[in-house]
Amino acid sequence: MKKLIFTLVILLSCLSAKYAAAQVTVGVGLNIGSQPDWGPVGYNNAAYYYMPDIGAYYDVNAHMYIYNENNVWVHRGYLPPRYRNYNLYGGYKAVINDRDPWMHDNDYRTRYAGYRGRHDQAMIRDSRDARYANHWRGVRENERANHLNARVHNENVRNRDENQRAANLNRRARAENQRNRRQNQRARQEGKDRHQ
């Protein structure tokens, strides 16, 4: 019984230590390390980026793109194929620290309309600022993985489309075979009727 109580005390103390560490991390309010290389320089904390050139958002902490697809805001680890020509390192990014900014998209679209086409913003990748000296190394790997995921996703979409086309062709072929069978049955029946 003493061992069980001792184990529970240790477990609870570990959990409370992790909870306290999480509280300290949230209290500091810096997320320089989690910002992507293509993020703008000069911000200690950025919750979201708004990209006026494509009307999409980026959730810095979740490493997810948020864009409108069929009138629904989706969260993905990649940008859709329609934005394949967009250069993340070249386009302007507005830092937004409001909650769920896409829910107020019209406001941000209007506010940052004049920034479309601007390419003069300094990026973290090119910064010599000491704050970015130890920039989170996993960002590059994460971006590569996201790029590969986007490629795989696009390939899956193409394969699904090809499979759908093949299924449609098979359905048409089956329907054509059924029509031919019916015609052959009718022809046989007419032949029998003539011989009788």
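Reader: Why is E176 called partly exposed?

Author: In this predicted model, E176 has a relative accessibility of 35%. Buried means under 20% and exposed means over 50%, so 35% lands in between and E176 counts as partly exposed.

Reader: And what makes the pair R179 and E176 a salt bridge?

Author: Their side chains meet with N and O 2.6 Å apart. The cut-off is within 4 Å, so this pair qualifies. R179 is partly exposed too, at 40% relative accessibility.

Reader: How do you know that R179 and E176 are separated by about one helical turn?

Author: Both sit in helix 3, which covers residues 138-195, and they are 3 residues apart there, so about one helical turn lies between them.

Reader: Why can side chains like these pair at all?

Author: Because side chains of opposite charge can pair when their charged atoms come close.

Reader: How many salt bridges does the structure hold?

Author: There are 4. One of them joins R109 and D105, with the closest N and O atoms 2.9 Å apart. Those two are 4 residues apart in helix 2 (residues 105-111), so they are separated by about one helical turn.

Reader: What makes D105 buried or exposed?

Author: D105 has 10% relative accessibility. Since buried means under 20%, D105 is buried. Its partner R109 has 36%, which falls between the two cut-offs, so R109 is partly exposed.

Reader: Why is the contact between R118 and D120 called a salt bridge?

Author: The side chains of R118 and D120 meet at 3.1 Å, N to O. That is within 4 Å, so the name fits.

Reader: How do you know which of R118 and D120 is exposed and which is partly exposed?

Author: D120 has 56% relative accessibility, and exposed means over 50%, so D120 is exposed. R118 has 31%, so R118 is partly exposed.

Reader: On to Q35. Where is Q35, and is it buried or exposed?

Author: Q35 lies in the loop between helix 1 (2-28) and strand 1 (48-51). Its relative accessibility is 0%, which is under 20%, so Q35 is buried.

Reader: What makes the link between Q35 and Y49 a polar contact?

Author: The side chains of Q35 and Y49 are in contact at 3.1 Å, and the cut-off is within 3.5 Å, so the distance fits. The Q35 side chain also reaches the backbone oxygen of Y43 at 3.1 Å.

Reader: How far apart are Q35 and N61?

Author: In sequence, Q35 and N61 are 26 residues apart; in space, 7.6 Å, C-alpha to C-alpha.

Note on methods
Residues are numbered from 1 along each chain as its sequence is written. This is a predicted model: local features need pLDDT of at least 70, side-chain atom pairs count only at pLDDT 80 or more; totals for chains, interfaces and linings use all residues. Side-chain values use heavy atoms; hydrogens and water are left out. Buried means under 20% relative accessible area, exposed over 50%, partly exposed in between (1.4 Å probe, protein chains only). A polar contact is a pair of N or O atoms within 3.5 Å; within protein, one must be able to donate a hydrogen and the other to accept it, and residues adjacent in sequence count only if both atoms are side-chain atoms.
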